[in-house]
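Colleague: I would like to learn how to read a model like this one. Please start with the ligand.

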Amino acid sequence: MAEVLVYVDHVDGSVRKPTLELLTLARRLGEPVAVHLGAGVETAAPVLAEYGAVKVLAADAPEFNDYLVVPKVDALKAAFDAVSPSAVLLPSSAEGKEIGARLAVRIDSGLITDAIDLEAGDEGPVATQSVFAAAFTTKSRVTNGTPVITVKPNSTAPEAASAAGSVEQLSVSFGELATGTRVTSRTPRESTGRPELTEAAIVVSGGRGVNGAENFHVIESLADSLGAAVGASRAAVDAGWYPHTSQVGQTGKTVSPQLYVAAGISGAIQHRAGMQTSKTIVAINKDSEAPIFDLVDYGVVGDLFEVVPQLTEEVKTR
Ligand code: FAD
């Protein structure tokens, strides 16, 4: 069976959920071989095996930490040469997309980014994308070389499937460009205790209807009761009520959670572009004509300051 390389996104061996999703999708295409770069493979390997990695190719070197993506591209290329896979999958993070694009150039292959689904096809993997502000769904396939595909977080639910996951050391020699861009400092994001927006299974977002930074605690309380991330519309961000890192939409982040709750958000096309592929969409808006109601699974016409706290209380009792 053909092997499929899966780039492992992790923090010191703690594997992030999008990688488990990639392993789940990779099993549709062949046998997943995980590529783990940096420290912590002994922690990561059992988890990768639990989600179907037949093998874990591991390399650790200071270059992975000290420089931006090129050393990782060198390592992924070494893994590619070692395995000759039928496809390479990476998470659709900024880093994943850059590594994927650089690898595709090096191996003279086509690249598909931001896939939301993958299936095996007679002539290679077929990727589904949501395009033009989510107005269309397209299916595409790489016709030149080994497909390199980045997949959006939350595109599928991770499913365990036990495999050997034996660790093999990957020998990597870094090219001239590897040390071209040095990381000069790292400042950890101030922890809110909430999941990362693009990876969260549930997102609760507030818009102009929240009417002030001082009212966003209403949105945060619902998010915390659900274990969700907090998002915001551009109107709320431009008004300075919530940080830009939380903006959902065309000029913000794209999210695709299992559940998206929009409170006091009208549903402009630019906002929809960032959340329309969410599995279940719930909106709370006092205007029954708001365009957001055209795409919701559940809509509540009402004042968010009445509805959201009630919802929070209800969730807490469960
Ligand atoms: P509004 O459109 O003003 O809607 C507020 C809603 O809240 C209304 O529907 C109102 O009925 C409701 N409301 C008010 N009070 C309450 C209450 N008490 N209870 C319940 N409901 C209430 N927007 C984004 O979000 N993300 C982007 O990335 C983005 N990128 C853009 C890029 C470009 C190039 C452009 C031109 C625009 C972009 N926008 C983006 C802006 C977008 O067009 C909208 O202006 C914005 O999404 C509106 O935000 P909103 O829905 O919060 O505000």
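Modeller: The ligand has 25 residues around it, and the closest are Arg208, Ser233, Thr251, Ser266 and Gln270. A residue is near a molecule if one of its heavy atoms lies within 4 Å of it. This is a predicted model, so local features need pLDDT of at least 70 and side-chain atom pairs count only at pLDDT 80 or more, while totals for chains, interfaces and linings use all residues. Residues are numbered from 1 along each chain as its sequence is written, and side-chain values use heavy atoms, with hydrogens and water left out.

Colleague: Which polar side-chain atom lies 2.8 Å from an oxygen atom of the ligand?

Modeller: First the rule. A polar contact is a pair of N or O atoms within 3.5 Å; within protein, one must be able to donate a hydrogen and the other to accept it, and residues adjacent in sequence count only if both atoms are side-chain atoms. Here the 2.8 Å partner belongs to Gln270. Gly264 uses a backbone N or O atom, 3.0 Å from a ligand oxygen. The side chain of Thr251 has an N or O atom 2.6 Å from a nitrogen atom of the ligand.

Colleague: How much of the accessible area of the ligand does the protein cover?

Modeller: Accessible areas come from the Shrake-Rupley method with a 1.4 Å probe; for residues, only the protein chains shown count as cover. On its own the ligand has 980 Å², and the protein covers 75% of that.

Colleague: Which pocket does the ligand take?

Modeller: A pocket is an open set of points on a 1 Å grid over the protein atoms alone, where a 1.4 Å probe fits, with protein on both sides within 12 Å along at least five of seven lines. A molecule sits in one if more than half of its atoms lie within 2 Å of its grid points. The ligand takes the second largest pocket. Helix 7 (234–238), helix 8 (269–272) and helix 9 (304–317) each give two or more residues to the shell around the ligand.

Colleague: Why does the length of helix 1 agree with expectation?

Modeller: Helices (H or I, at least four residues) and strands (E, at least two) are DSSP runs, numbered from the N terminus. The expected span of a helix is 1.5 Å times one less than its number of residues. Helix 1 (residues 17–29) has 13 residues, so it should span 18 Å; its end C-alpha atoms are 19 Å apart, which agrees.

Colleague: How many residues of helix 1 are buried?

Modeller: Buried means under 20% relative accessible area, exposed over 50%, partly exposed in between (1.4 Å probe, protein chains only). In helix 1, 10 of the 13 residues are buried, including Leu20, Glu21 and Leu29.

Colleague: In helix 4, is Lys72 buried or exposed?

Modeller: Lys72 sits in helix 4 (residues 70–83). Lys72 counts as buried because its relative accessibility is 15%. Its C-alpha is 7.2 Å from that of Leu37, 35 residues away along the chain. Ala82 also lies in helix 4, but at 57% Ala82 counts as exposed.

Colleague: What does the side chain of Asn285 contact?

Modeller: A polar atom of that side chain lies 3.1 Å from the backbone oxygen of Ile265. Asn285 is in strand 15 (residues 280–285) and is buried, at 10%.

Colleague: Where is Asp12?

Modeller: Asp12 is in the loop between strand 2 (10–11) and strand 3 (14–15). Its phi is positive, near 50°, and it is not a glycine. Asp12 is exposed, at 61%.

Methods. 1 Å grid on protein atoms, 1.4 Å probe; cavity = no way out; pocket = protein on both sides within 12 Å on 5 of 7 lines; lining within 4 Å.
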